[in-house]
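Here is a short walk through one structure, for a reader who has not met it before. It takes a single helix and then the cysteines.

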Amino acid sequence: MASNTPAPAAALDRTLILELVRVTEAAAIAASALVGRGDENAADAAAVDAMRRAFDLLDIDGTIVIGEGERDHAPMLFVGEKLGRAQGSGPKIDLAVDPLEGTTNTAKGGHNALAVLAAAEQGHLLNAPDVYMQKIAIGPGYPDGVVGLDKTARENIDALAAAKGVDPQHITVCVLDRPRHGELIEELRSIGCGIVLIPDGDIAGVIATTEEDTAIDIYMGSGGAPEGVLAAAALRCVGGQFSGRLIFRNEEERARARACGITDFDRIYLIDDLASGDCIFAATGVTNGSLLDGVRRLRDGGFATESVVMRASTGTVRWIHSEHRTA
């Protein structure tokens, strides 16, 4: 079941919720101009610049603890960067950001590209290194620990099916379509599960486990660790379960972890280890996807956006349709 509902955080004033949506809207609109243009870095740079400008209009003392990935040599909102116009005087807030989750999807005109952020009181978001993370996630309504990274794929599917009261063949799994998941996909198909393969955007894949309309029961596989923290923050708000374990391919990646204060390289992180206390998650669609519609240009030259914003302390999920008219 979900963790106990956290108390509202004084630093996360309710007016901040809509202000954070304006940040993801700005990033999504900027990136939308590059949809289908074949240039991942240009799309990412546009989203980064717009998100940074929008943050600097907020009365917060913000610090980025999860930023853009160096692995892709992308433009960065870097870890440790200060954002907001109330440095030293405003509420101290930790920020996890992905200005453009799904850069490849955006460049190719594909689905499920998002502008994403999470916010929490200082010290409540894991400063995860930019490495890969093995992940498993399910939506709300199941007993604690029904699935986990210490179990095989078959054991997880059998346990989830039993908890749901269905046969294992009726479980649908979301997996990133990557060569590294070949053995996992083969094992799931031997069980007879349905598999939804997504080309990119594993934050949306994790969140899909909470939405009945998607018919996705569980997310499995590996993706970016920073995206894991963002996904965990979203699930904190709606009561899902998430476990992650960092994957290190070389000593350089272990050094990144040490720089973040991580020394237990085999630790399994539960959802409260990644995002604790009260937190806010916000996302705006860049391209159409399972979670949100993408940015749409209006006849007057303005834009229409669709966003979602969630808060852990209230369990509130708001779906926001906005029209940004030209002056």
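Contact here means that heavy atoms lie within 4.5 Å of each other. The model is a predicted one, and helix H5 is a convenient place to enter it.

H5 spans residues 182-191, and its buried residues are Leu184, Ile185, Leu188 and Ile191. Viewed down the helix axis, the buried residues of H5 fall within an arc of 115 degrees, so they line one face of the helix. A general rule applies to such spacing: an α-helix has 3.6 residues a turn, so residues three or four places apart point the same way.

What covers the buried residues of H5? The elements that do so include helix H4 (153-164) and the strands S6 (172-176), S7 (194-198) and S8 (218-224). On the face turned away from the buried side, H5 carries Glu183, Glu186 and Arg189, which are exposed. After H5 comes Gly192, with a positive phi near 100 degrees.

The cysteines come next. How many disulfides does a search of the whole structure find? The search finds zero. Cys193, for its part, is in no disulfide, and the nearest cysteine sulfur, in Cys174, is 13 Å away. A disulfide would need two cysteine sulfur atoms within 2.5 Å. Cys193 is buried, its relative accessible area being 9%.

Cys260 can be read in a similar way. Its closest cysteine sulfur is that of Cys279, at 19 Å, which is too far for a bond. With a relative accessibility of 25%, Cys260 counts as partly exposed.

Conventions
Residues are numbered from 1 along each chain as its sequence is written. This is a predicted model: local features need pLDDT of at least 70, side-chain atom pairs count only at pLDDT 80 or more; totals for chains, interfaces and linings use all residues. Side-chain values use heavy atoms; hydrogens and water are left out. Buried means under 20% relative accessible area, exposed over 50%, partly exposed in between (1.4 Å probe, protein chains only). Helices (H or I, at least four residues) and strands (E, at least two) are DSSP runs, numbered from the N terminus. The arc is that of the directions from the helix axis to the C-beta atoms.
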